[in-house]
Amino acid sequence: MGIETSCDETGVALLRWEPAQPGRGLLAHALYSQIRLHAEYGGVVPELASRDHVRKLLPLVRQALAEAGLTPQDLGGVAYTAGPGLVGALLVGAAAGRAMAWALGVPAIGVHHMEGHLLAPLLEEDPPRPPFVALLVSGGHSLLVEVKGIGEYRILGDTLDDAAGEAFDKTAKLMGLPYPGGPELARLAGQGRPGMFRFPRPMTDRPGLDFSFSGLKTQVLLAWQKSDRSEQTRADIARAFEEAIVDTLLIKCRRALQATGAKRLVIAGGVGANRRLRAELAAAGEQDGFRTYFPRPAFCTDNGAMIALAGAIRLAAGQQQGESVDVHPRWDLSGLPPAPQALAGQE
Amino acid sequence: MNLLAIETATEACSVALVHGDDVIARSELAPRRHAELVLPMADALLAEAGISRHALDAIAVGRGPGAFTGVRLGISLAQGMALALDLPVITVSSLAALALEAPWTESDELGQGDEAAVLAVIDARMGEIYAASYRRSGAGELLALDAERVTAAETLQLSAASGWHVVGSGWATYAEPIQARLTGPLRSADGARYPQARHVAVLAAAEFRAGHVLAPELALPVYLRDKVALTLVEQGRA
Ligand SMILES: Nc1ncnc2c1ncn2[C@@H]1O[C@H](COP(=O)(O)OP(=O)(O)OP(=O)(O)O)[C@@H](O)[C@H]1O
Ligand SMILES: [Mg+2]
């Protein structure tokens with residue numbers, strides 16, 4: 001069982017461990033999004049998020065078990081997100097998950113949320129095998145990671161300010177879209193006309209793999225304030241903004257592939273659901289000769305399935321968590337222990 | 001009956017086991033270490049009683065009020081255990097458990113003429129306390145005199161009583177204003193008392209016998225302080 005409660009989604013999934021094709025072992029997954037709860041406040045209120053996880057987690061556990069036709073006694077292990085994330089929210093899933101494992105006498109494992117995102121593409125048919133480069137673009141992170149094996153992660157690039165998803169959300173807010181505006185901004189971009197606006201591609205004019213997205217929103221704000229503020233203009237600006245982000249990510253991915261010599265690019269995290277990003281990266285892959293791997297859109301954003309997967313891999317490698325319910329609100333991805341040979345067929 | 005009780009709503013972390021007529025417990029004053037201590041304490045108690053977790057009949061938990069994170073930790077642990085073992089949960093007020101920490105004499109019992117009451121007070125931060133008052137109606141039985149609430153000590157409202165025992169961290173912080181609100185002489189006061197799992201266990205055992213149990217997903221915290229953020233509309237007004 002995988003449990004996710006690091007931020008504003010409660011997720012539970014059940015996975016039967018099949019190392020060669022992990023996605024085929026996915027038996028059930030259930031998700032509850034708190035977006036509507038937080039919308040009234042204009043952003044995630046940590047205390048309210050924690051309170052909602054407590055109400056929703058067990059009903060989701062029951063739902064997932066019913067969907068899979070299983071009882072708790074069928075579980076062989078319990079994985080939960082142990083960090084990074086909101087400490088109170090993390091503690092809900094960790095305590096319930098650790099206690100379930102204790103009661104059942106099965107191993108438990110605390111999963112790194114970003115490792116969950118990073119491994120999510122393994123849930124698809126024809127899963128990528130390390131080594132690869134991963135682009136992790138979510139609400140809280142923009143990372144380029146060299147993945148030599150499970151747990152062997154080297155951060156190649158990071159954001160100096162806003163994460164890519166955060167840039168989408170904040171820019172949407174500037175143009176009057178309700179929280180969380182990222183997906184809505186992306187939808188609007190689909191109706192925007194090309195070439196009406198153009199925004200810079202930050203930090204692409206110098207070497208390096210770091211990102212900086214906070215300046216973009218200022219550019220958008222200026223353009224929006226000077227404009228006629230019509231619906232069409234909003235869509236045109238959204239399109240130009242999305243192009244700037246996608247283009248920037250693409251340039252950095254190409255650099256990262258070149259620097260590492262990797263032939264596979266894995267994209268994950270909420271922004272990985274973005275259509276233009278998926279299309280542009282796939283096209284670049286055909287051109288340059290690298291393969292791209294995406295999770296299905298539902299597994300780009302937070303979910304229990306990726307936590308079940310990352311947990312299963314680590315349990316298979318013999319790692320587990322003692323009886324202490326540990327959470328790590330801040331947790332360095334590159335500090336994780338390696339889990340060699342956890343996946344069959346790893347090169 | 002075998003019942004495991006957890007109480008983590010305040011600075012004290014404790015676990016208790018009702019095993020037949022015995023109540024055994026582990027307790028530690030360990031702020032910020034609760035998450036680490038509960039399961040090992042539960043193991044130690046089961047080992048001491050010589051029973052397995054599969055012999056448990058129910059899980060009990062102090063459901064607050066108290067520190068939000070501590071309350072949720074206890075509830076989430078109880079929920080997870082109970083779901084996995086297919087057991088019911090009994091939630092107990094952490095203020096009621098705290099009230100059982102007060103020193104009781106025969107004359108404090110109902111019907112003895114000179115009836116002292118107990119005021120349980122937990123420091124709620126932000127200048128407030130969680131408070132409730134009780135009388136004892138028999139061994140380990142409590143009669144609530146008023147509703148649990150979060151309030152400034154200065155505006156605490158209490159019913160009439162011929163004397164008061166005050167327990168809990170609220171006294172440590174607000175002794176003077178609380179004393180000014182008492183409706184009778186102070187019989188005893190102890191600001192270094194915390195809700196304990198052994199009292200949660202005793203109160204829960206009675207509920208269990210009376211059939212007052214919950215499905216694990218319905219075992220939920222009681223925070224009392226429910227306004228924790230301003231909506232966009234309220235922010236605009238402010
Ligand atoms: N189609 C889309 N286009 C662009 N951004 C999107 C799209 N769909 C979702 N997002 C963005 O993805 C983010 C949510 O992703 P995710 O759930 O992975 O992030 P998170 O869990 O909040 O952050 P983290 O995983 O870093 O802790 C939001 O910022 C949202 O705006
Ligand atoms: Mg996420």
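**Exercise 1. The sheet of chain A.** Determine in which order the strands of the open sheet in chain A of this predicted model follow one another, and which strands stand at its edges.

*Solution.* Step one is to read the strand order: in chain A, five strands form an open sheet in the order β3-β2-β1-β4-β5, and the pairing is mixed. Step two is to look at the ends of that order, where β3 (26-33) and β5 (108-112) of chain A each have a single partner strand, so one side of each is left without a neighbour in the sheet. Step three concerns the twist: disregarding direction, neighbouring strands of this sheet are turned by 20 degrees against each other on average.

**Exercise 2. Strand pairing and the helices on the sheet.** Describe how β2(A) is joined to β3(A), and find which strands are touched by helix α2 of chain A and by helix α3 of chain A.

*Solution.* Begin with the pairing, in which β2 (residues 9-15) of chain A and β3(A) run antiparallel and are joined by seven bridges; within this pairing, A:V12 has A:A30 of β3(A) as its bridge partner. Next take helix α2 (residues 46-68) of chain A, which packs on the sheet by touching β2 and β3 of chain A, with its direction at about 155 degrees to that of β3(A). Then take helix α3 (residues 87-104) of chain A, which also packs on the sheet but touches β1 (2-4), β4 (78-83) and β5 of chain A, its direction making about 155 degrees with that of β4(A).

**Exercise 3. The two domains of chain A.** State how chain A is divided into domains, and characterise the side of domain 1 that touches domain 2.

*Solution.* The domain assignment splits chain A into domain 1 (2-120 + 299-335) and domain 2 (129-294), and the C-alpha centres of these two domains of chain A lie 27 Å apart. Turning to the contact itself, 14 residues of domain 1 of chain A meet 19 residues of domain 2 of chain A. On the domain 1 side, α1 (35-39) and α4 of chain A each supply at least two residues, and by class this side has eight nonpolar, six polar and no charged residues.

**Exercise 4. The surroundings of ligand 1.** Identify which residues come nearest to ligand 1, and work out from which elements and domains its shell is drawn.

*Solution.* Among the 23 residues around ligand 1, those that come nearest are A:G139, A:G140, A:G165, A:G182 and A:G270. The elements of chain A that give two or more residues to this shell are α4 (113-119), α5 (164-174) and α6 (182-189), and α5(A) gives the most, with four residues. By class, the shell consists of seven nonpolar, 13 polar and three charged residues. Finally, domain 1 and domain 2 of chain A each contribute at least three residues to the shell around ligand 1.

**Exercise 5. Chain B against chain A.** Analyse the side of chain B that touches chain A, and decide whether α2(A) and α2(B) are roughly parallel or roughly antiparallel to each other.

*Solution.* The contact takes 28 residues from chain A and 26 residues from chain B. On the chain B side, α1 (34-49) and α2 (68-85) of chain B are the elements giving two or more residues, with the largest share, 13 residues, coming from α2(B); this side divides into 17 nonpolar, five polar and four charged residues. For the helix pair, the axes of α2(A) and α2(B) come within 11 Å and cross at roughly 5 degrees. Angles under 35 degrees count as roughly parallel, and α2(A) and α2(B) are therefore roughly parallel to each other. In their contact, A:E47, A:S50, A:V54, A:L58 and A:V61 of α2(A) meet B:F68, B:R72, B:I75, B:S76, B:Q79 and B:L83 of α2(B), which by class are six nonpolar, three polar and two charged residues.

Note on methods:
Residues numbered from 1 in each chain as written. Chains lettered and ligands numbered in written order. Predicted model: local features only at pLDDT ≥ 70, side-chain atom pairs only at ≥ 80, totals over all residues. Near = placed C-beta within 6 Å. Nonpolar A, V, L, I, M, F, W, Y, C, P; charged D, E, K, R; others polar. Domains from an automatic or database assignment. Pairing = 2+ DSSP bridges. Axes fitted to C-alpha atoms, helices over the stretch in contact; angles between N-to-C directions. Contact = placed C-beta atoms within 7 Å. Parallel < 35°, antiparallel > 145°, perpendicular 65-115°, else oblique.
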